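Biologist: Hi, I'd like to talk through a structure with you. Could you put it up so we can both look?

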Amino acid sequence: MMSSTEVIRATTSRRFVGGTSGDDRGVVVRARGVQHYYGEGDLRKQVLFDNNADVYEGEIVIMTGPSGSGKTTLLTLFGALRTVQEGSLTLLGRELRGVTARDATRARREIGFIFQAHNLFQSLTAFQNVRMGLELFGHSRAEMKRLGETMLARLGLGHRIHYKPEALSGGQKQRVAIARALAHRPKLVLADEPTAALDGASGREVVTLFQELAKEQRTTVIMVTHDNRILDVADRIISMVDGRIKSNVMPQESSVICEFLRRGSAFAQLTPGALSDVADKMIVESFPAGAAVIQKGDAGDKFYLIREGEVDVLVGGIDDPGTNVALGTGDYFGEAALLTGAPRNATVRARSPVVLYSLGKDDFQAAIEASKPFKEELLRMLFMRQ
């Protein structure tokens, strides 16, 4: 209960939501408030707006959205290929904002990059292109031969290893580029439309390889795609619109979010379709123990549902335990400030490592405006607690 005016108790259940706990895996990429601009002076244009995301070890994340929505820009920021201008972005525990060019280069050595342009050396064979990538990592000649040939064979190019790009089809060249990116067993793979030039069978072979890397080597894969044929491999789908992450949930958890929401008397007023729409727009956020999720006095910008862990709601302040409240899995908080427009009247701090689903202000407002009974129930409960 985020004071008498800030929290509705959604449920007393302490069930685990499902999926893998954020505590059980390392965070490979963490973005907080990431914004980005192109151009200078009067031509300066903002293309990314306050983006937050956590991507975990061994996870396959697919980024979708219309052309121009910022997917590739965010992907290149994740890969230290662009300078982080605003916000915080960590890669394998290394903060990228303000990093030197030398350290950015070191960070990129942990990544396998796959782009739409093959960027193969035309004078080199398929094997030689792959070996060039391996030479950066100090492997012996015999090891480079083994790794390169194994990866090319795995991608169906064992009979083409000595062919130059001019003798390969577009799909085969793309598979050489993929082999080059994966041969050194990177901790993170960043792929921009990796299956765009491939037929159905070849595309499936590539994403199956991604799944094997994620399972066997704990490799994390983040890929931008418009290919609906491969969405089923994703642990999580991030949807971007107009430079903002609008949805970031594990597909199998959408129904669980709906169930949590449905248990609250206010959200019970929403139709199944409206509940599903709200669930699809929720963002996954995680905070370590002791971190502030909400600060008293700040403007309300998000509604939160606790997926896992516990938070302390510090109504009277840190030194006034008599007015503090603990919330856990299935509870939600933060709606009153969105309803009233007043500043946050309490601080919310993670008691333990916590994973949250958050819903932005605009999407929250759209949900209450779409359902008159839902809005009336929220306002009635808010009135009763004052």
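Modeller: Here it is, and we can go through the overall make-up, a few helices and then some strands.

Biologist: Before we start, what kind of model is this?

Modeller: This one is a predicted model.

Biologist: OK. How many helices and strands does the chain have?

Modeller: There are 11 helices and 18 strands in the chain.

Biologist: And what share of the residues is buried?

Modeller: 52% of the chain's 386 residues count as buried. As for the surface, the chain exposes about 16,700 Å², with carbon and sulfur atoms supplying 51% of that.

Biologist: What about contacts along the chain, how many join residues at least 24 apart?

Modeller: If you take contacts between residues at least 6 apart in sequence, 75% of them join residues at least 24 apart.

Biologist: Let's zoom in. Where does Val206 sit?

Modeller: Val206 is in helix 6, which covers residues 200-216.

Biologist: Buried or exposed?

Modeller: Val206 has 0% relative accessibility, so it counts as buried.

Biologist: Which residues is Val206 in contact with, leaving aside neighbours within four places in sequence?

Modeller: Those would be Leu155, Ile178 and Leu198. Also, the C-alpha atoms of Val206 and Gly156 are 10.0 Å apart, with their positions 50 residues apart along the chain.

Biologist: Back to helix 6 as a whole. Which of its residues are buried?

Modeller: Ser202, Gly203, Val206, Val207, Leu209, Phe210, Leu213 and Ala214 are the buried ones in helix 6. They span an arc of only 145 degrees around the axis, so they sit on the same side of helix 6.

Biologist: And what's exposed on the other side of helix 6?

Modeller: On that other side, Ala201, Lys215 and Glu216 are exposed.

Biologist: What covers the buried residues of helix 6?

Modeller: The cover includes helix 4 (141-154) and helix 5 (170-182), along with strand 3 (60-64), strand 6 (111-114), strand 7 (188-192) and strand 8 (220-224).

Biologist: How about the ends? Which residue caps the N-terminal end of helix 6?

Modeller: Asp199 does the capping there, with a side-chain oxygen 3.3 Å from the backbone nitrogen of Ala201. Just after helix 6, Arg218 has a positive phi of about 60 degrees.

Biologist: What length does helix 6 reach?

Modeller: From first C-alpha to last, the 17 residues of helix 6 reach 24 Å, close to the 24 Å expected at 1.5 Å a residue.

Biologist: Switching helices: which residues are buried in helix 8?

Modeller: In helix 8, residues 272-280, the buried ones are Leu275, Val278 and Ala279. Looking down the axis of helix 8, its buried residues fall within an arc of 100 degrees, so they line one face.

Biologist: Strands now. Which way do the residues of strand 14 point?

Modeller: In strand 14 (residues 311-314), Val311 and Val313 point one way while Asp312 and Leu314 point the other way, and all are buried.

Biologist: Which strands does strand 14 pair with?

Modeller: Strand 14 pairs with strand 15 (residues 324-327) in the antiparallel sense over 4 bridges. It also pairs with strand 17 (residues 347-350), again antiparallel over 4 bridges. Asp312 has Ala326 as its bridge partner in strand 15, and stands opposite Arg349 in strand 17.

Biologist: One last thing, what's the order in the open sheet of 4 strands?

Modeller: The order is 2-1-4-5, with antiparallel pairing. Strand 2 (45-56) and strand 5 (94-95) are the edge strands, each pairing on one side only. Strand 1 (residues 27-38) and strand 4 (residues 86-91) are joined by 5 bridges, and Leu91 in strand 4 is the bridge partner of Val29.

Note on methods
Residues numbered from 1 in each chain as written. Predicted model: local features only at pLDDT ≥ 70, side-chain atom pairs only at ≥ 80, totals over all residues. Heavy atoms only, no water. Buried < 20%, exposed > 50% of the residue type's maximum accessible area, 1.4 Å probe, protein only. Helix = DSSP H or I, 4+ residues; strand = E, 2+ residues; numbered from the N terminus. Arc of directions from axis to C-beta. Contact = heavy atoms within 4.5 Å. Expected span 1.5 Å × (residues − 1). Polar contact = N/O pair within 3.5 Å; in protein donor to acceptor, adjacent residues only side chain to side chain. Areas by Shrake-Rupley, 256 points an atom, 1.4 Å probe, with all protein chains shown as cover. Pairing = 2+ DSSP bridges.
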